[in-house]
Amino acid sequence: DIAGSDPVIIFMHIYLPVGDKNGDGVFFNSREVSWPDEKSCSDGLLNVLNRNDNIKALFVGHGHKNVIEKIDLPAGHDVYQCETGGFGAHPNNWRLLRFTEKNILISAPGDGGAETTISLFE
């Protein structure tokens, strides 16, 4: 599988269509909260994510908004998906990513403060 047991992050342009799982009113689209399910994880990228619990985060684009959602996978683990708004639309559309021995720290857009902590070894 992917990278043995080492933590993996993936950078890609198109986001996965995740609904508002954390209830903050900002989401990737209107996909139901119960997605993804066993059927949707039978092939393609979702199958890879579902089979590899060492994939910790997806950094995506295309939607041009500031959003982070945790995707709960049927295999029992999760992966975070993070998007940042277009820099040309607002000068604060940037994030600071810090990688420690145990975590990825993702700042809120523009302020540099920690917004989300992703554990690399859970």
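Which residues of helix H1 (residues 44-51) are buried? In this predicted model, the buried positions of the helix are Leu46, Asn47, Leu49 and Asn50. Around the helix axis these residues cover an arc of only 165 degrees, which puts them on the same side of H1. Such an arrangement can be read against the geometry of the α-helix, in which there are 3.6 residues a turn, so residues three or four places apart point the same way. The buried residues of H1 pack against strands E1, E2 and E4.

The sheet to which these strands belong is open and consists of four strands in the order E1-E2-E4-E3, with mixed pairing. Strand E1 (8-11) and strand E3 (67-72) stand at the edges, and because each has a single partner strand, one side of each is left without a neighbour in the sheet. From one strand to the next, the twist averages 20 degrees.

At the E1 edge, four bridges join E1 to strand E2 (residues 55-60), and the two strands run parallel; within this pair, Ile10 stands opposite Leu58 in E2. At the E3 edge, by contrast, E3 and strand E4 (residues 78-83) run antiparallel and are joined by six bridges, with Ile71 standing opposite Val79 in E4. E3 and E4 form a hairpin that has five residues between the strands, and in this hairpin Gly76 takes a positive phi near 105 degrees.

Key: Residues numbered from 1 in each chain as written. Predicted model: local features only at pLDDT ≥ 70, side-chain atom pairs only at ≥ 80, totals over all residues. Heavy atoms only, no water. Pairing = 2+ DSSP bridges. Axes fitted to C-alpha atoms, helices over the stretch in contact; angles between N-to-C directions. Buried < 20%, exposed > 50% of the residue type's maximum accessible area, 1.4 Å probe, protein only. Arc of directions from axis to C-beta. Contact = heavy atoms within 4.5 Å.
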